[in-house]
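Reader: I should like to learn how the arrangement of domains and helices is read from a model. Could you please guide me through an example?

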Amino acid sequence: MKKNRIKVIPAKKGETNRVFARPATLRDIDNHYCAGCGHGIIHRLICEVIDELGIREKVIAIAPVGCAVIAYDYWDFDVTEAPHGRTPAVATGIKRTRPNNIVFTYQGDGDLAAIGTAETIHAANRGENITIIFVNNGVYGMTGGQMAPTTLAGQKTATTIYGRSLRREGYPIRMLEILAPLPGARYLERVSVHSAHETLRAKRAIMKAFKTQVDGKGFSMVEVLSMCPTYWGMSAIKAAERIRSDVATFYPLGVVKTY
Amino acid sequence: MGKKILMCGNDACGEGAMLAGCTFYAGYPITPQNELTAYMARRMVDTGGTFIQAESELAAINMVLGASASGFRAMTSSSSPGISLKQEGISYMAGCELPGVIVNIQRGGPGLGNIAPAQGDYFQSVKGGGHGDYKVIVLAPASAQELLDHTSLAFDLSDKYRNPALILGDGLLGQMMEPVEIRTQSSGNNIHNKPWALTGCAGRKPNIIKSLFLGDGVLEAHNVKLQQKYNTIKAAEVRVEMINSKDSDIMVVAYGSVARISKAAVAKARAKGIKAGLIRPITLWPFPEKAISEIADKVKKFLVVEMSAGQMVEDVRLAICGKAKVSFYGRMGGGIPTEGEILAQIEKIV
């Protein structure tokens, strides 16, 4: 595997002609994510933001349970794991004891919107000065593509083999809109990584979310719509197209709440 | 001797934590431990620490996990049903080798049970409680003073071994008011002894805290390392109180509040001419199996008394290994064995 890898050389200090390179805080290791998965892009965006803000030595991240469970293998800063869904509670314990550190969680839709719903809502309601990067790809990837709380109506998954029935399985959850009325939630934006254009917007949102915390403004969360070609049962290109045509229709992109 | 204050066991427990340098507490209301949560709420706010009334016991233990990962002394408390919910976090903390103190002021079970004292959580406390092969250091105080002293000690042991420690009390101990000397031998938190803590990676390589080990054989090696640590704790940290162990025909074995009652029953038996003694395990894990086994070389009758259907009695039988007759007397669901009941059992067996 190693010999086939494309070697990307990181930007060196003082270089001005380089336009694209691996962020310094993104480790140079083999990627375990499936082809066409959005996690790699989102990991990278976070690292770019941390590098640009110069906060690497202050960052403490909390990795989720899900496909990104080994996010700490990619990130070159302090990270802890958390039990499934308890991620914002762990973040609360860290941020309250280390208010000068920059604390963020990275969570999937099962972690944040199913098993960890209470932790998410109450961390936001307490106005914890933390940042949540919420990756919404509408399925449980790591366990084999089961229905997530965010799975769209009619979507086929391992546990909705005839498609999600609203009558049987209920409705997909829009978490940002649930959090929006809470005074403790300060900055909420939904973005996507299905195109270069949207990926650039996603980076700007992640930057603003981290700045929200750096400036002590309180709870910030960015929901990133992401592709799961493997469990959507389609090519990477079609998966990206599905976000534009279907997913972003139900989960509208843009700022849900700001200060 | 320091100043003595009349305080309930729950408050004494909280003060023991403060004296040990605990700066983070998260909890969720449940009877009969509510005084402790309220005590921590006041003390943390007054001293600049952190108090959080969490949305659930699950959140509370994981806030403690986070604070502990940051290198601070952190505690949560609850009573039986709430402790069941905390088992997930305790298993993760054991797997991640994170310190932290958990207080269980036990009540009657199973299920919602009642709010009366009980000792039905012994198995849960000493056998692991959550999933996986792990152990938690378990201290069993028998007075308000010991709730203070043992809570302080629990922080030191927990930090020393990077392992969760549990205080196993009950509603009787938590609610009862007694004179308590405000004292501690704890050295307090020392962040410099925690190079593994998450502080931000300034001037060092990043720290990763995890219990996930996916590589071939890596998790087995991690488990072997944990077991070696548990063996070290077993060799070094057993604590037990013995009364009349040199010349008894019958030894009562009891812990916590039942040990207090048994002590009085043993004294009454002695007054009647029965040579009775008491073994009081102070650490329930590690269990004083060697001490009990040695006594069983001479004493041939044992009576285990618990506020349960018989849980610790299994560990006593394992320690004695058939060398002596082990009888059991227990009350459940909030029933408290009386001095008279225990004395009657002693008289029946001896």
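**Domains and helices in chain B**

Author: Let us begin with the domains, bearing in mind that the model is predicted. Taken over C-alpha atoms, the centres of domain 1 of chain B and domain 2 of chain B are separated by 27 Å. The domain assignment places 4-201 + 224-236 in domain 1 and 241-349 in domain 2.

Reader: How many residues of domain 1 of chain B are in contact with domain 2 of chain B?

Author: On the side of domain 1 there are 27 such residues, and they are in contact with 23 residues of domain 2 of chain B. Among the elements that each supply at least two residues of this side of domain 1 are strand E6 (137-139), strand E7 (164-170) and helix H8 (218-236) of chain B. The largest share, 4 residues, comes from H5(B). By class, this side of domain 1 holds 17 nonpolar, 7 polar and 3 charged residues.

Reader: How are two packed helices described?

Author: One states the angle between their axes and the distance between the axes. In chain B, the axes of helix H1 (residues 9-19) and helix H2 (residues 34-47) come within 8 Å and cross at roughly 40°. H1(B) is therefore oblique to H2(B). Their crossing is right-handed.

Reader: Which residues in H1(B) and H2(B) meet?

Author: From H1(B) come B:Asn10, B:Asp11, B:Cys13, B:Gly14 and B:Met18, which meet B:Glu35, B:Leu36, B:Tyr39, B:Met40 and B:Arg43 in H2(B). This contact of H1(B) with H2(B) has 5 nonpolar, 2 polar and 3 charged residues.

Key
Residues are numbered from 1 along each chain as its sequence is written. Chains are lettered from A and ligands numbered from 1 in the order in which they are written. This is a predicted model: local features need pLDDT of at least 70, side-chain atom pairs count only at pLDDT 80 or more; totals for chains, interfaces and linings use all residues. Domain bounds come from an automatic or database domain assignment. Two residues are in contact if their C-beta atoms, placed from the backbone, lie within 7 Å. Ala, Val, Leu, Ile, Met, Phe, Trp, Tyr, Cys and Pro count as nonpolar, Asp, Glu, Lys and Arg as charged, and the others, Gly among them, as polar. Axes are lines fitted to C-alpha atoms, for helices over the stretch in contact, and angles run from 0 to 180 degrees between N-to-C directions. Angles under 35 degrees count as roughly parallel, over 145 as roughly antiparallel, 65 to 115 as roughly perpendicular and the rest as oblique. A crossing is left-handed if the near helix is turned anticlockwise from the far one by less than a right angle, and right-handed if clockwise.
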